[in-house]
Amino acid sequence: MAEHLPKPFTSSSLMPFGGEMEQFFNRMMRGWPFGWLEAMGSGQSPALRAFESTPKVEVKENDNAYTLCVELPGLDQNDVKVHVDDEVLTISGEKKVERTDEKTHYSERSYGSFTRSFHLPSDAEADRISARYGKGILTLEIPKAANRKSAGKEIEIKPS
């Protein structure tokens, strides 16, 4: 009879290869500008966190700046915080449940708190980031440093 008991549910049982693909993808994204941080202490993979209240983000780049747009429908400007610490940009906030006297029969709306963190690119000027909020979109302008670090160069090897 014991062999018919259900197996314990784990987050890795939902992912193919037991999370190996997720780990591979995270390693690939580490070197990209605005690569996300892996789950810090939560024990959940980014793929599973996508089912929670995680806002969608769009990152654009031009010669002078990076632009980060975050969809935050239903949130007020005062419900959102933006913080930079040690070259990590963190956006957090909370969408509170709207209480009414009406009986709700069905709802697909999401509520709760969220946090998104991004490594800033090496040429980003963290002290000059500006933010604006309108129509449920948070837009961050992240200027690039005028004197960019070298992208790298090949070093000639000479015989000794």
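Two strands pair if DSSP finds at least two bridges between them; strands (E, at least two residues) are DSSP runs, numbered from the N terminus. This is a predicted model, in which local features need pLDDT of at least 70, side-chain atom pairs count only at pLDDT 80 or more, and totals for chains, interfaces and linings use all residues. Residues are numbered from 1 along each chain as its sequence is written, and side-chain values use heavy atoms, with hydrogens and water left out.

**Exercise 1**

Find the bridge partner of R132 in β7 and describe the hairpin around it.

Solution. Start with the strands: β6 (residues 130-134) and β7 (residues 137-143) run antiparallel and are joined by five bridges. Within β7, T139 is the bridge partner of R132. Next, take the turn: two residues lie between the strands of this hairpin, and K135 has a positive phi near 55°.

**Exercise 2**

Decide whether C69 is buried or exposed, and list its contacts.

Solution. First, place C69 in strand β2 (residues 65-71). Its relative accessibility is 17%, so C69 counts as buried (under 20% relative accessible area; 1.4 Å probe, protein chains only). Then set aside neighbours within four places in sequence: C69 is in contact with K56, V57, E58, I137, L138 and T139 (heavy atoms within 4.5 Å). For K56, 13 residues apart from C69 along the chain, the C-alpha separation is 8.4 Å.

**Exercise 3**

Give the strand order of the open sheet of three strands, and name its edge strands.

Solution. The order is β3-β4-β5, with antiparallel pairing. The edge strands, each pairing on one side only, are β3 (80-85) and β5 (112-119). Finally, inspect one pair: six bridges join β3 to β4 (residues 88-95), and V80 stands opposite G93 in β4.

Notes
Helices (H or I, at least four residues) and strands (E, at least two) are DSSP runs, numbered from the N terminus. Buried means under 20% relative accessible area, exposed over 50%, partly exposed in between (1.4 Å probe, protein chains only).
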